[in-house]
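Biologist: I have a chain open on my screen and I'd like some help reading it. Could you take me through it feature by feature?

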Amino acid sequence: MSLVRLKIKGISYSQTQNGAYALILNEVDGDRKLPIVIGAFEAQSIAIALEKEIKPPRPLTHDLFKNFADRYDIVIKQVIIHKLVDGVFYSSIICERDNIEEIIDARTSDAIALALRFNAPIFTYKTILDKAGIFLKFTSKETDEDKNDESIMVDEILQEGDTVEIDQGASDAFTELTIDELNKELEKAVANEDYEKAAKLRDEISKRN
């Protein structure tokens, strides 16, 4: 079976189900997206790894794994999303130590959070992308409708019960703040280890810039 390389397009959230997130993966040489429902903690961890400017004061669980692996010369070579059963994606982490390769089973969200920290490529099989990959409706110049399209897509793929507790309305309040106020709030959020809020603040700052 042929492998297809994926890149992370971003993390989207549901507009109708409080606290529901989806990691959006994009095929490198194509337009199909692979949406994967993930939990709030994993969404925060991936967002932290994507936003290089956010530095947690203490290591998160995935950072701890990276530090542990570095200490013992373990390298993650690649991550493969190898199976899809009843809407659940299964992944393998391909590791190497002393030229010996090992394959470790992992949740896809954890595997991707680690792949980011090791700068390891992410792959899936063409058969999985053929089955679960989708095209966004809007592919021309971005409009306001484009910005909501991924959130709509998340709502379509979510299953009952895929919710965690977050303050969904918090991001709306950030629009009232100035850039200086946003940066101050970002510093406070990181200091308080509120990485979900920090990621949202970082998004709002990026929009302004």
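Biologist: Let's start with strand pairing. How many bridges join S4 to S5, and do the two run parallel or antiparallel?

Modeller: Keep in mind that this is a predicted model. S4 and S5 run antiparallel, with nine bridges joining them. For one cross-strand position, look at Gln-78, which stands opposite Ile-94 in S5. The hairpin of S4 and S5 has two residues between the strands, and Asp-86 there takes a positive phi near 50 degrees.

Biologist: And on the other side of the pairing list, what joins S5 to S6?

Modeller: Eight bridges, and again the strands run antiparallel; S6 covers residues 100-107. Two positions help you get the register: Ile-93 stands opposite Ile-104 in S6, and Tyr-90 stands opposite Arg-107 in S6. These strands also form a hairpin with two residues between them, and Asp-98 in the turn has a positive phi of about 55 degrees.

Biologist: How should I think about side chains along a strand?

Modeller: In a regular strand, side chains alternate between the two faces of the sheet. For a case to click on, take Ser-91, which has its place in strand S5.

Biologist: Is Ser-91 buried or exposed?

Modeller: Ser-91 has 0% relative accessibility, so it counts as buried. Leaving out residues up to four places away in sequence, Ser-91 touches Ile-80, Ile-81, His-82, Ile-104, Asp-105, Ala-106, Thr-108 and Ala-111. You can also check a distance: the C-alpha atoms of Ser-91 and Ile-103 are separated by 10.0 Å, with their positions 12 residues apart along the chain.

Biologist: Next, nonpolar cores. What's the general idea?

Modeller: In soluble globular proteins, nonpolar side chains tend to be buried together. Here the largest nonpolar core has 34 residues, and the members touching the most others are Leu-25, Leu-34, Ile-81, Phe-89 and Ile-93.

Biologist: Which elements each supply at least two residues of this core?

Modeller: Strands S1 (3-13), S2 (21-27), S3 (33-38), S4 (75-85) and S5 (88-97), along with helices H1 (40-50), H3 and H4 (126-132). The largest share, seven residues, comes from H3. Apart from this core lies another one of 11 residues, including Ile-54, Leu-60, Ala-198 and Leu-201.

Biologist: Which residues is Leu-25 in contact with, leaving aside neighbours within four places in sequence?

Modeller: Leu-25 is in contact with Leu-6, Lys-7, Ile-8, Lys-9, Arg-32, Lys-33, Leu-34, Ile-36, Ile-81 and Ile-112.

Biologist: Back to H3, then. How many of its residues are buried?

Modeller: Helix H3 (residues 108-118) has 11 of its 11 residues buried. That list takes in Asp-110 and Arg-117 as well as Ile-112, Leu-114 and Phe-118, among others. After H3 comes Asn-119, with a positive phi near 55 degrees.

Biologist: And how many residues of H1 are buried?

Modeller: H1 is mostly covered too, with nine of its 11 residues buried. Glu-42, Gln-44 and Ser-45 are among them. Ile-48 sits in helix H1, and its relative accessible area of 5% is why it counts as buried. The C-alpha atoms of Ile-48 and Ala-113 are 9.3 Å apart, although the two residues are 65 apart along the chain.

Biologist: How do I read aromatic rings that sit together?

Modeller: A pair of rings is described by the distance of the centres and the angle of the planes. A search of the whole structure finds one aromatic pair. The rings of Phe-68 and Tyr-72 have centres 5.0 Å apart and planes at 45 degrees, so the pair is tilted. Tyr-72 is partly exposed, at 43% relative accessible area.

Biologist: Which charges sit over rings?

Modeller: Among them, the charged end of Lys-66 sits over the ring of Phe-118, 5.1 Å from its centre. Lys-83 lies over the face of Tyr-90, 4.6 Å from the ring centre.

Biologist: Last one: what are the totals for the chain?

Modeller: The secondary structure comes to eight helices and seven strands, and 45% of the 209 residues are buried. Of the contacts between residues at least 6 apart in sequence, 59% join residues at least 24 apart. The chain exposes about 12,200 Å², with carbon and sulfur atoms supplying 47% of it.

Definitions and conventions: Residues are numbered from 1 along each chain as its sequence is written. This is a predicted model: local features need pLDDT of at least 70, side-chain atom pairs count only at pLDDT 80 or more; totals for chains, interfaces and linings use all residues. Side-chain values use heavy atoms; hydrogens and water are left out. Buried means under 20% relative accessible area, exposed over 50%, partly exposed in between (1.4 Å probe, protein chains only). Helices (H or I, at least four residues) and strands (E, at least two) are DSSP runs, numbered from the N terminus. A nonpolar core is a set of buried Ala, Val, Leu, Ile, Met, Phe, Trp, Tyr and Cys residues joined through side-chain atoms within 4.5 Å. Contact means heavy atoms within 4.5 Å. Two strands pair if DSSP finds at least two bridges between them. Rings of Phe, Tyr and Trp (its six-membered ring) pair if their centres lie within 6.5 Å; planes under 30 degrees apart count as stacked, over 60 as edge-to-face and the rest as tilted. A charge sits over a ring if NZ of Lys or CZ of Arg is within 6 Å of the ring centre and within 35 degrees of the ring normal. Accessible areas come from the Shrake-Rupley method with a 1.4 Å probe; for residues, only the protein chains shown count as cover.
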